Amino acid sequence: MHNVYNLADMTVMNEVIDSRSFSNFCTSRHISKRGSAALRKVLFQITEVFILNKPENEPVYQFIDKKRAESKHYYPYRIAAANKFMRIYYAKVNQVLNSQ
């Protein structure tokens, strides 16, 4: 069940989401610009460094290279690469903090 707010009379209606509509919802999402603009800029610059230095053994660069080979638009693959970088960075920092 999914709660939907009816703004006309401010009541909550329950709506069943069909799996087909849910998959359409998931595939039609766009990249949002929520959050820190400064952090987005830094992450975008990090992906630029990966592109310029071309470190073949880095998983983030391998991901960027694969998406560029698929002729993806630069903004979505760079944001996805930034997300990948953040997941890897978070895991490494967590590993160091947990080992101390």
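Contact here means heavy atoms within 4.5 Å. The model is a predicted one, where local features need pLDDT of at least 70, side-chain atom pairs count only at pLDDT 80 or more, and totals for chains, interfaces and linings use all residues. Residues are numbered from 1 along each chain as its sequence is written, and side-chain values use heavy atoms, with hydrogens and water left out.

**Exercise 1. Find the order of helices and strands along the protein.**

Solution. Begin with the DSSP runs, numbered from the N terminus: helices are H or I with at least four residues, and strands are E with at least two. This gives 4 helices and 2 strands. Next, read along the sequence, and the pattern comes out as β-β-α-α-α-α.

**Exercise 2. Decide which residues of helix 2 are buried and where they lie around its axis.**

Solution. Let's take the length before the faces. Helix 2 has 17 residues and reaches 24 Å from its first C-alpha to its last, close to the 24 Å expected at 1.5 Å a residue (the expected span is 1.5 Å times one less than the number of residues). Now apply the accessibility classes: buried is under 20% relative accessible area, exposed is over 50%, and partly exposed is in between, with a 1.4 Å probe and protein chains only. Leu43, Thr47, Phe50 and Ile51 turn out to be buried in helix 2. They are on the same side of helix 2 because they cover an arc of only 100° around the axis, taken from the directions from the helix axis to the C-beta atoms. In general, an α-helix has 3.6 residues a turn, so residues three or four places apart point the same way. On the other side of helix 2, Ala38, Lys41, Leu52 and Asn53 are exposed. Finally, look for packing partners: the buried residues of helix 2 pack against helix 3 and helix 4.

**Exercise 3. Work out what covers the buried residues of helix 4.**

Solution. Helix 4 has 26 residues and reaches 37 Å from its first C-alpha to its last, close to the 38 Å expected at 1.5 Å a residue. Its buried residues are Tyr77, Arg78, Ile79, Ala81, Ala82 and Phe85. Their cover includes helix 2 (37-53) and helix 3 (59-69).

**Exercise 4. Classify methionine 86 as buried, partly exposed or exposed.**

Solution. Locate the residue: methionine 86 is in helix 4 (residues 74-99). Methionine 86 counts as partly exposed because its relative accessibility is 32%. For the whole protein of 100 residues, 15% count as buried.
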